[in-house]
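Let's take a walk through this one together, starting with a single helix and working outwards. Have the viewer open and follow along.

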Amino acid sequence: MAIVGARRPTPYGEAVAERLATDLAHAGVAVVSGLAVGVDAAAHEGALIGEGCTIAVLGTGVDVIYPAANTDLAARIVAGGGALVSQFPDGTGPKRDHFPRRNWTMAALADLVVVVEAAEGSGALITAEAGLAQGKAVMAVPGSVFSPLSVGCHQLLRDGAGLVQNARDVLGELNGLTAVLDDPLTPPDRLAVEGEAPRGRDGLLRHLSDAYPVEPGDLARRLGLAFPDVVARLTRLELEGKARRMGAGYLRVRGRGMT
Amino acid sequence: MLPRLPGVVARVLSCLLRGLEGHLVEIQVDISSGPVGFALVGLASGSVREAKERVRSAIHNSGLPFPSQRKLTVNLAPAELRKDGAGLDLAIGVGISLAALGLPSPRSTAFLGELALDGAVRHVDGVLVAARGLIRHGVGALFVPEADAAEAALAGGLRVYPCPSLSIAMAHLTGDTLLDPYSGRAPAPAAADASPEHDLAEVQGQDSARRALEVAASGGHNLLMYGPPGAGKTMLARTLPGLLPPLELQEALELAQVRSVLGDLTAGRPLEWVRPFRAPHHSVSLAGLIGGGSGLATPGEISRAHHGVLFLDELAEFRAATLQALRQPMEQGHIVITRRSGSVVYPARFQLVAATNPCPCGWEGDSQRSCRCTPASVEAYQRTLSGPLLDRIDLQVVVARTPMDVLGREAVGESSAAVRARVVAARQLQIDRQSTLNAGLRAPQLRRWAPLDATALSALRRWAGQRGLSARGFHRAWRVARTIADLDTGGPVREHHVMEALGYRLVERAA
């Protein structure tokens, strides 16, 4: 199955993509995506966390990694038993009109396309249309009604795409079963092992979501920071009005530095 | 040497308890000609008047003479002190026997114990407290029930005679068969590395609560845990005694006195070194919690938790009046209970750990289940938590349930022993610097012992201004920051210490 979506998703979209990919990979589903930043990268990362096979369909030659920021990710995909595939000859650089063609290929490789956050007219919707044209199932993850990145997904849902709340919904569709509503999904922060240390004072902010609270202990583990240090930094963000407490965790406050 | 008064043939000492004070009682026995009878005078309550029957049988069955053909008067002095309990039995029995045999009364020797009808001496409560009181009155030797000898010996400086029966006591006094004084060893403190019953290593995740427990243990701060059922609040609270250093000898003695009065000491091993953990149910009565009861007030849960932990689970379910009554002991470290028969003072220097659900159904704010309460009922519930008691709880943390799919993935945490090593070091630092734990610092002391640098002060002021923090709240965060700095470097309190301290409080509600 393919997971596609925005290149600049909200922390919510990124989290959903990662968590879905983890659970699906865990269930033995190969996760196809496009090695772009944002949702694509999160989907590949999630599949790797789930120790599953993930396939990156490139819009460049297989020897050209674009964007370069994902060079390391590409290497880990291959090392994890996945594949980089491309319909373009070696050495082909990024070209604007190659990407829609790559999207068509992505849909062709998958039995099902899941869209996570897509603005109106975005590349992810092109992939969804390609899937429909090829007779593949299309599903979408709902988002906030305040977010422009939800519009594309909500359009798909209105037009009859399947609703995705969790991996079970996707597996149900793949296996022709009726999906069952389930508990809310646990955000991937709780499941993550480690990541990079944040840069600068606001570094932590990038790891907070406006959709669900993230607990300081999970942040500390993920970023390899000391717990007391994380609590102090989060309070500083609170003081500056950039984050706020909710239950045992912290939310990013909307409207500042949002993508 | 007690002067011999004409007519009075025997004078024997014993002791009565008023709270944690032992009062000297003199039993005067007079045998004279006159109407045959046995009179017991001196403000004796029912249980003491019954002593007449017990003592009479005990003397008969011990093969000792009872002056049944004469007028026998026993006076319990001083007359204004109300006498209750069976602890005077042995002294009365000894007094009558001495008088009947025409023997001199022993000097500066006291007797404690209840008599069985066959003359055996039975356990009484409060022997340690009595022994300490008797020492103050210059008494040098004390006869106690065998089971209570180790307890009496804790007082130190007394010759303690473990006394199985009235006849054996009399044999000693007549010089026939001398008893050996108790020679048990002085109590040895517990090994500092003893592994606690509830170890922090068994707790998965819960980083906020773990850290808050460490800070609470280090600074003596009170702690509130706020979260849904099944989040592990009780388990976390139970680890606190294991994070604290063992009791000092003086502390152990103070606690033993409370437990002595309650008859709650283990025979032969009266001193405990592990800090107490008391967890009264929320239906506890006022008297049960702070002390009281009909007649003479007995110590309550707060005194049983002296130098240890008082855990109040489901804080919002406790009656408001009950929680109100905690304020005085929390400020003063002791409780004064006034009854018709007089006031008693019991120590109550406890560390409070409280836990509460966020709402009546418990699930408000949970990540997996939704709350079924109305907004009004949630608000009413949380209002019961606010106010003066919450003001006295320095550390407040949210404890969330760990989702099923996270359980088992999280690394095993540090053991209690590892945390305790840091706690002990931080506590020593505080004692060396200011002779008290940080939780006891008031504003002037904070300025002296926990000065904030300019950045730290402006951050705290900015927070206080933004959130409408009360003066109490301001000082709370300041105290906690001091403890965090003591755990860190022991040096000055910096901005990041203050910022972390502010992280351990509930979201302020509009007043």
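Before we start, a word on what "helix" means here: helices are DSSP runs of H or I with at least four residues, numbered from the N terminus. Keep in mind, too, that this is a predicted model.

With that in hand, find helix α2 of chain A, residues 39–49. Just after α2(A) comes Glu51(A), and its phi is positive, near 55°. The helix itself is mostly covered, with eleven of its eleven residues buried. That list runs through residues you might not expect to group together, including Asp40(A), His44(A) and Glu45(A) alongside Val39(A), Leu48(A) and Ile49(A). What do the buried residues of α2(A) pack against? On the strand side there are β1 (2–5), β2 (31–33), β3 (54–58) and β5 (112–116) of chain A, and on the helix side α1 (11–26) and α3 (71–79) of chain A.

One of those partners is worth a closer look. Leu73(A) sits in helix α3 of chain A, and leaving aside residues up to four places away in sequence, Leu73(A) touches Ala41(A), His44(A) and Glu45(A). Those three belong to the buried residues of α2(A). Leu73(A) and Leu48(A) are 25 residues apart along the chain, while their C-alpha atoms are separated by 9.5 Å. Is Leu73(A) buried, partly exposed or exposed? Burial takes 20 or more other C-beta atoms within 10 Å; Leu73(A) has 18 C-beta neighbours inside that radius, so Leu73(A) counts as partly exposed. While you're in this part of the chain, look at the loop between β3 and α3 of chain A, where Pro67(A) lies. The peptide bond leading from Tyr66(A) into Pro67(A) is cis, with omega near -5°.

Now move along to a helix pair. Helix α4 (residues 98–109) and helix α5 (residues 123–133) of chain A pack with their axes 8 Å apart, at an angle of about 45°. That angle makes α4(A) oblique to α5(A), and the crossing is right-handed. From α4(A), the contact takes in Phe99(A), Pro100(A), Asn103(A), Trp104(A), Met106(A) and Ala107(A). From α5(A), the contributors are Gly123(A), Ile126(A), Thr127(A), Ala130(A) and Gly131(A). Sorted by class, that gives seven nonpolar residues, four polar and no charged ones.

Helix α6 of chain A, residues 151–158, gives you another burial pattern to look at: its buried residues are Gly152(A), Cys153(A) and Leu156(A). Viewed down the axis of α6(A), these buried residues fall within an arc of 100°, so they line one face of the helix. The general rule behind this is that an α-helix has 3.6 residues a turn, so residues three or four places apart point the same way. The buried residues of α6(A) pack against β5, α5 and β6 (137–141) of chain A. Right after α6(A), Gly160(A) has a positive phi of about 110°.

Zooming out, chain A has nine helices and nine strands, and 51% of its 259 residues count as buried. Of the contacts in chain A with a separation of 6 or more, 67% are between residues 24 or more positions apart.

Chain B has 21 helices and 18 strands. Its C-alpha atoms fill a box of roughly 85 × 45 × 45 Å along the principal axes. Of its 511 residues, 49% are buried.

For a helix pair in this chain, try α19 (residues 454–467) and α21 (residues 495–503) of chain B, whose axes come within 8 Å and cross at roughly 25°. The two are therefore roughly parallel to each other. Among the residues that meet here are Trp463(B) in α19(B) and Met499(B) in α21(B). The contact divides into seven nonpolar residues, one polar and one charged.

Finally, some backbone details in the loops. Chain B has a cis peptide bond from Ala77(B) to Pro78(B), with omega near 0°, and Pro78(B) is in the loop between β4 (71–77) and α3 (89–101) of chain B. Gln206(B) is a non-glycine residue with a positive phi, near 55°, and Gln206(B) is buried, with 28 other C-beta atoms within 10 Å. Ser435(B) also has a positive phi, near 60°, but Ser435(B) is exposed, with 8 other C-beta atoms within 10 Å.

How values were computed
Residues are numbered from 1 along each chain as its sequence is written. Chains are lettered from A and ligands numbered from 1 in the order in which they are written. This is a predicted model: local features need pLDDT of at least 70, side-chain atom pairs count only at pLDDT 80 or more; totals for chains, interfaces and linings use all residues. Axes are lines fitted to C-alpha atoms, for helices over the stretch in contact, and angles run from 0 to 180 degrees between N-to-C directions. Angles under 35 degrees count as roughly parallel, over 145 as roughly antiparallel, 65 to 115 as roughly perpendicular and the rest as oblique. A crossing is left-handed if the near helix is turned anticlockwise from the far one by less than a right angle, and right-handed if clockwise. Two residues are in contact if their C-beta atoms, placed from the backbone, lie within 7 Å. Ala, Val, Leu, Ile, Met, Phe, Trp, Tyr, Cys and Pro count as nonpolar, Asp, Glu, Lys and Arg as charged, and the others, Gly among them, as polar. A residue is buried if 20 or more other C-beta atoms lie within 10 Å of its own, exposed if 12 or fewer, and partly exposed in between; C-beta atoms are placed from the backbone. The arc is that of the directions from the helix axis to the C-beta atoms.
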